[in-house]
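Welcome, and thanks for taking a look at this model with us. Below is a short tour, from a single residue out to the whole chain and back again.

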Amino acid sequence: MKRKKDPILSQHKILLAAKKEFVKYGFDGARMDRIADKAKVNKQLIYYYFKSKDLLFTEVLKESYRQLRTEEEKINIDNMTAYDAMLNLVSVNWNYYIKHPELIFLLSSENLMRARHVKDHLTTFLDINKNWEVLTKEIIEKGKKDKTIREDLDPMQINISIAALVIFYITNSSTLSLLYQTDLTSEEEKINRLQSIMDTIGSWITNKNL
């Protein structure tokens with residue numbers, strides 16, 4: 001007897017295969033045939049669930065964002081100072097992007113397309129990503145009480161700076177490793193880089209002159 005197909009499992013397999021395809025080839029270079037082969041499903045099934053290549057890419061990007069925000073939500077700021085909570089946010093972002101650099105490549109493709117998928121589904125993307133602002137604001141409010149960080153911090157600038165410091169290193173590690181004659185992908189250098197980022201953010205959030 002043939003086993004009944006599990007729609008949730010099938011969609012999960014499609015999303016995983018699609019993520020690998022979009023990361024490797026970009027949106028324009030990605031092919032639905034290859035995604036179907038990797039997911040071991042019929043191509044028609046992909047269109048049944050996701051309707052189009054654009055909607056499939058949108059779902060892949062949504063899921064990647066959700067995974068990052070889920071990791072951030074695990075930070076329990078009640079058990080630490082505002083300063084430690086902010087550095088914990090840095091660490092969570094670093095560890096996520098190191099383990100899942102695919103989000104970086106998905107965002108690169110999306111920005112090359114002028115964020116058209118995000119624009120078409122803006123309400124959903126805003127909802128998925130609202131937690132970073134809520135969390136950062138909570139940390140800043142906590143800082144007003146425990147006085148471990150500045151009170152005038154801007155949540156948006158904090159998150160942009162964290163992302164910039166983390167992502168630049170990951171996306172440019174190949175060229176920088178050659179130019180600095182140092183393997184920036186080694187565990188030792190990644191530890192050094194994370195500490196440098198934390199020192200940078202730590203100095204900024206405590207020094208009113210910066």
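Let us start with Asn172, which counts as partly exposed because its relative accessibility is 22%, a value between the 20% and 50% cut-offs. The model is a predicted one, so please read every value here as computed from predicted coordinates. Asn172 sits in the loop between α9 (155-171) and α10 (173-179). A polar atom of its side chain lies 2.9 Å from the backbone oxygen of Phe168. Along the chain, Asn172 and Leu184 are 12 residues apart, and their C-alpha atoms are separated by 9.4 Å.

**The chain as a whole**

Stepping back, the protein chain has 11 helices and zero strands. Its 210 residues include 40% that count as buried, and the C-alpha trace spans about 65 × 40 × 35 Å along its principal axes. How much of the contact set between residues at least 6 apart in sequence joins residues at least 24 apart? The share is 70%.

**Helix α4 and its neighbour α5**

Helix α4 covers residues 53-73, and its 21 residues should span 30 Å at 1.5 Å a residue; the end C-alpha atoms are 30 Å apart, which agrees. Buried residues of α4 include Leu56, Phe57, Val60, Leu61, Tyr65, Leu68, Arg69 and Glu72. Glu63 also lies in helix α4, but with a relative accessible area of 30% Glu63 is partly exposed. From Glu63 to Arg193 the C-alpha distance is 27 Å, with their positions 130 residues apart in sequence.

Asn93 belongs to helix α5. Is Asn93 buried or exposed? At 6% relative accessibility, Asn93 counts as buried. Leaving aside residues up to four places away in sequence, Asn93 touches Leu68, Glu72, Ile162 and Val166. Two of these partners, Leu68 and Glu72, are themselves among the buried residues of α4.

**The largest pocket**

If you are thinking about cavities and grids, the largest pocket holds about 720 Å³ of space. Its lining is made of 23 residues, and those nearest its centre are Tyr65, Arg69, Leu107, Asn129 and Trp132. Of these, Tyr65 and Arg69 are also listed as buried in α4. Which helices supply at least two lining residues each? They are α4, α5 (82-99), α6 (102-112), α8 (122-146) and α9. The largest share, six residues, comes from α9. Sorted by class, the lining has 16 nonpolar, four polar and three charged residues.

**Two loop residues with positive phi**

Two residues other than glycine have a positive phi, and the table sets them side by side.

| Residue | Phi | Loop | Relative accessibility |
|---|---|---|---|
| Ala115 | about 60° | between α6 and α7 (116-120) | 24%, partly exposed |
| Lys147 | near 60° | between α8 and α9 | 57%, exposed |

Ala115 counts as partly exposed because its relative accessibility is 24%, whereas Lys147, at 57%, counts as exposed. The loop that holds Lys147 lies between α8 and α9, and both of these helices supply residues to the lining of the largest pocket.

Note on methods: Residues are numbered from 1 along each chain as its sequence is written. This is a predicted model: local features need pLDDT of at least 70, side-chain atom pairs count only at pLDDT 80 or more; totals for chains, interfaces and linings use all residues. Side-chain values use heavy atoms; hydrogens and water are left out. Helices (H or I, at least four residues) and strands (E, at least two) are DSSP runs, numbered from the N terminus. Buried means under 20% relative accessible area, exposed over 50%, partly exposed in between (1.4 Å probe, protein chains only). A polar contact is a pair of N or O atoms within 3.5 Å; within protein, one must be able to donate a hydrogen and the other to accept it, and residues adjacent in sequence count only if both atoms are side-chain atoms. The expected span of a helix is 1.5 Å times one less than its number of residues. On a 1 Å grid over the protein atoms alone, a cavity is a set of points where a 1.4 Å probe fits but cannot get out, and a pocket is an open set with protein on both sides within 12 Å along at least five of seven lines; lining residues have an atom within 4 Å of a point. Grid points are joined across faces, edges and corners, and a volume is the space filled by probe spheres set on the points. Ala, Val, Leu, Ile, Met, Phe, Trp, Tyr, Cys and Pro count as nonpolar, Asp, Glu, Lys and Arg as charged, and the others, Gly among them, as polar. Contact means heavy atoms within 4.5 Å.
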